[in-house]
Amino acid sequence: MLILGLGNPGLKYEASRHNLGFKVVDALSGKLGIKLSLSAANAVFGQGNLDSAVVYLAKPMTFMNLSGKSATGLLKKFELNPADLLVIHDDLDLPAGEVRVKFGGGAGGHNGLNSTIESLDSQDFGRVRIGIGRPPGRKEPADYVLEDFAKGDLVAIEMAVNEAAEAALVVVKEGYEAAMNRFNATPS
């Protein structure tokens, strides 16, 4: 399985809302001991194992709007199908810090997902979505996603990154249904 975290390269964007996918891949890199020391298809990546599954972790080094080029190139390199792709990304339509798992569906206005869908010519891949909430007032979403998180949100965001990493691990080990049942359940 290829786990692809979406984000924008460079220090300028490192702490932005749009880079949550990168943060989750970095967390998975630490948990699994997979170094992101290789490069191909305009991405940095690493390879390792989780139980008996081969896992590739990757971060596109294109900008968000061109993420699909890396996704397509990496799938081809690793001889995988779109169904073997799990994309991790920020989501304006979820409250900040919420994590959801799904397989398939549209882009929901997310430029990285849109690029991936167009490049693969398929919507049939998995997603781990991390909520960032809607921008306040009349702030443009494009500006909001590129802003850094407020200091007061950092603890909740770190928890969400860890939860999203755990969701990705459950997808690999147990499948989408188990991950959706565990992470999409409404809190009681």
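User: How do the residues of the lining of the largest pocket divide into nonpolar, polar and charged?

Analyst: The model is a predicted one, and in it the lining of the largest pocket divides into seven nonpolar, eight polar and seven charged residues. The pocket itself has a volume of about 370 Å³, and of the 22 residues that line it, the closest to its centre are Leu92, Gly108, Gly109, His110 and Asn111.

User: Which elements give two or more residues to that lining?

Analyst: Two strands and two helices appear here, namely strand S5 (85-91), strand S7 (126-131), helix H3 (111-120) and helix H4 (141-145).

User: How should I read the sheet, and what is the order of its strands?

Analyst: A sheet is read by following which strand pairs with which, and in this structure the order is S2-S3-S4-S1-S5-S7-S6, an open sheet of seven strands with mixed pairing. Strand S2 (38-40) and strand S6 (99-103) are the edge strands, since each of them pairs on one side only. On average, and with direction ignored, neighbouring strands of this sheet are turned by 25° against each other. Within the sheet, strand S1 (residues 2-5) runs parallel to strand S4 (residues 53-60), the two being joined by three bridges, and Leu4 stands opposite Ala58 in S4.

User: Which helices lie across strands of the sheet, and at what angles do they run?

Analyst: Helix H2 (residues 67-78) lies across S1, S2, strand S3 (43-50), S4 and S5, and runs at about 165° to S1. Helix H6 (residues 176-183) lies across S5, S6 and S7, running at about 150° to S6.

User: How do I read the packing of two helices, and at what angle do H1 and H5 pack?

Analyst: Such a pair is described by an angle, a distance between axes and the residues that meet. Helix H1 (residues 20-32) packs against helix H5 (residues 154-174) at an angle of about 65°, with the axes 9 Å apart, and the crossing is right-handed. From H1, the residues Leu20, Lys23, Val24, Ala27, Leu28, Lys31 and Leu32 meet Ile157, Val161, Ala164, Ala165, Ala168 and Leu169 in H5. By class, this contact has 11 nonpolar, no polar and two charged residues.

User: Where do H5 and H6 make their contact?

Analyst: The axes of H5 and H6 cross at roughly 150° and come within 7 Å. On the H5 side the contact is made by Glu163, Glu166, Ala167, Val170, Val171 and Glu174, and on the H6 side by Tyr176, Ala178, Ala179, Arg182 and Phe183. These residues divide into seven nonpolar, no polar and four charged.

Definitions and conventions:
Residues are numbered from 1 along each chain as its sequence is written. This is a predicted model: local features need pLDDT of at least 70, side-chain atom pairs count only at pLDDT 80 or more; totals for chains, interfaces and linings use all residues. Side-chain values use heavy atoms; hydrogens and water are left out. Axes are lines fitted to C-alpha atoms, for helices over the stretch in contact, and angles run from 0 to 180 degrees between N-to-C directions. Helices (H or I, at least four residues) and strands (E, at least two) are DSSP runs, numbered from the N terminus. A crossing is left-handed if the near helix is turned anticlockwise from the far one by less than a right angle, and right-handed if clockwise. Contact means heavy atoms within 4.5 Å. Ala, Val, Leu, Ile, Met, Phe, Trp, Tyr, Cys and Pro count as nonpolar, Asp, Glu, Lys and Arg as charged, and the others, Gly among them, as polar. On a 1 Å grid over the protein atoms alone, a cavity is a set of points where a 1.4 Å probe fits but cannot get out, and a pocket is an open set with protein on both sides within 12 Å along at least five of seven lines; lining residues have an atom within 4 Å of a point. Grid points are joined across faces, edges and corners, and a volume is the space filled by probe spheres set on the points. Two strands pair if DSSP finds at least two bridges between them.
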